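This report describes two local regions of a predicted model. The strand pairings are treated before the surroundings of a single glycine.

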Amino acid sequence: MLQQALIQLHPRDQVAVARVAIAEGAAVALSGGTLVARTAIPAGHKIALAPIAAGAVVLKYGQPIGVASRAVAAGEHVHGHNLSMAQSLPAQAPDAVDSAGTTPAQAATFEGFLRADGRVGTRNYIGVISSVNCSATVCKAVARSFEGMALPGVDGVVAITHGSGCGMSDGEGLALLRRTLRGYATHPNFAAVVVIGLGCEVNQVGTLLEGMETGGRVHALTIQGEGGTREAIERGQALVRQLADEAGKARRTPLPASRLVVGLQCGGSDGYSGISANPALGAAVDLLVAQGGTAILSETPEIYGAEHLLLARAARPEVAERLLERLRWWEAYAARNGAELDNNPSPGNKAGGITTILEKSLGAVAKGGSSPLNAVLEYAQPVRDPGLVFMDTPGYDPVSATGQVAGGANLICFTTGRGSTYGCKPTPSLKLATNTPLFERMNLDMDFNAGTIVDGRQSVAEAGEALFRLMLDTASGRPTRSEEHGLGDNEFVPWQLGAVM
């Protein structure tokens, strides 16, 4: 008989998650008896603990994840063949949480870069930022010329390029692009930046940098203004060398954990995401918030169906209303494009054991821990409120994380069950594996193993505390796996809205 093969997440649940692969006909130990698997159950997938009638609401995490599309026998595999979404499901009151958060045992600190504007960096890069796709090649050429070159005290030169900036009207899409680029141009992980345009684009460099003090940490040029491509590359190289001399003088100093702004991401999720890595990250977030720090939960389509868990924690009524307004916008946005918000989960998510967007969303919300929700922001807006905040972004991870970094995230924590390898210059990205086989198979990409929770070797609280310490170490300069391999130069993907003309 298989012992401890199942994880039941809530007493109300009619399903449990297979801790390991279960063969057809295998007997599985349950409290008070045994359960025989009627079919093979892949690791991370769901098994029915009791008979479920056709049309009955199915619970996981004590919350609805869908309805049985046919009668399901005890011991049967529960997935897309017998579990589906419904137009509406009865709301389940969330379990009570301690809204006061975690009380810190002592003040936590890390070694960071205190900038002249009072913000704090965890890295010391120089950025070369394109205003338009037409200057992307020049930006990449400038950054590439410094590869392998020692710039004392500087972590590297990063090209921030994209596929937009012209062929667009002066509307929502342009405003969103400018807000995102400004967020990067002023990001505290950049000691200095050079912004390069073509010269005739819609997204004019002068307008983009309006209100910024240029000539200090921010410099600008255009290809047409310099006389051509080669001249612009040479001018950009000269500016980077000049800026590197000053940037290299920056030194890390002890700073309170309250100066950390952490973006929360999950991608390539599996059936363990909501059991191990996401709850562990949530526990670490509670520790960070108790220290006065900030965490950014995002990916609006991936909280869909679980928003009531956040609404119940809204610090003020207007915060709750703001979240509802963004969800209504997404429903209308999806409808205008002939789509539904339940186009998730992805094929990889389903292969990992996730069946519906409700199931995915319930696990995704766990990244936010149990702290009050203090603010709801639009994409790439500057994050000014401490504690847990929500930023409206798509669920597509590179676009979502780009918005978080533009908002000021100086660290990213990215949970994955399938093996997302997301790097993120200029902000270090920690990859958190949901299961031990993944961590061992992709050890050169994964930074943290939350599979110890699934294995029964750590509690969620213990894993969360270990992750919080890793977050502080990483913010202090410990390289992530992607940084060790020099990855993360191509993950700037702004959200594109509006017509391209």
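Strand β6 (residues 57-60) runs antiparallel to β7, and four bridges join the two. They form a hairpin with two residues between them. Within that turn, Tyr61 has a positive phi of about 60°. Across the pairing, Val58 in β6 faces Gly66 of β7 as its opposite residue.

Strand β7 (residues 63-68) also pairs with strand β9 (residues 83-84), again in the antiparallel sense. Two bridges make up this pairing, and Val67 stands opposite Ser84 in β9. Strand β7 is mostly covered, six of its six residues being buried.

The two pairings of β7 are set out below.

| Partner of β7 | Sense | Bridges | Opposite residues |
|---|---|---|---|
| β6 (residues 57-60) | antiparallel | four bridges | Val58 and Gly66 |
| β9 (residues 83-84) | antiparallel | two bridges | Ser84 and Val67 |

The second region centres on Gly267. This residue lies in the loop that connects β17 (261-266) with α6 (277-290). Gly267 counts as buried because its relative accessible area is 3%, under the 20% cut-off.

Which residues does Gly267 touch, not counting those up to four places away in sequence? The contacts are with Asp397, Phe414, Thr415, Thr416, Gly417 and Ser420. Tyr422 is 155 residues from Gly267 in sequence, yet the C-alpha atoms of Gly267 and Tyr422 are 9.0 Å apart in space.

Conventions
Residues are numbered from 1 along each chain as its sequence is written. This is a predicted model: local features need pLDDT of at least 70, side-chain atom pairs count only at pLDDT 80 or more; totals for chains, interfaces and linings use all residues. Side-chain values use heavy atoms; hydrogens and water are left out. Buried means under 20% relative accessible area, exposed over 50%, partly exposed in between (1.4 Å probe, protein chains only). Contact means heavy atoms within 4.5 Å. Two strands pair if DSSP finds at least two bridges between them.
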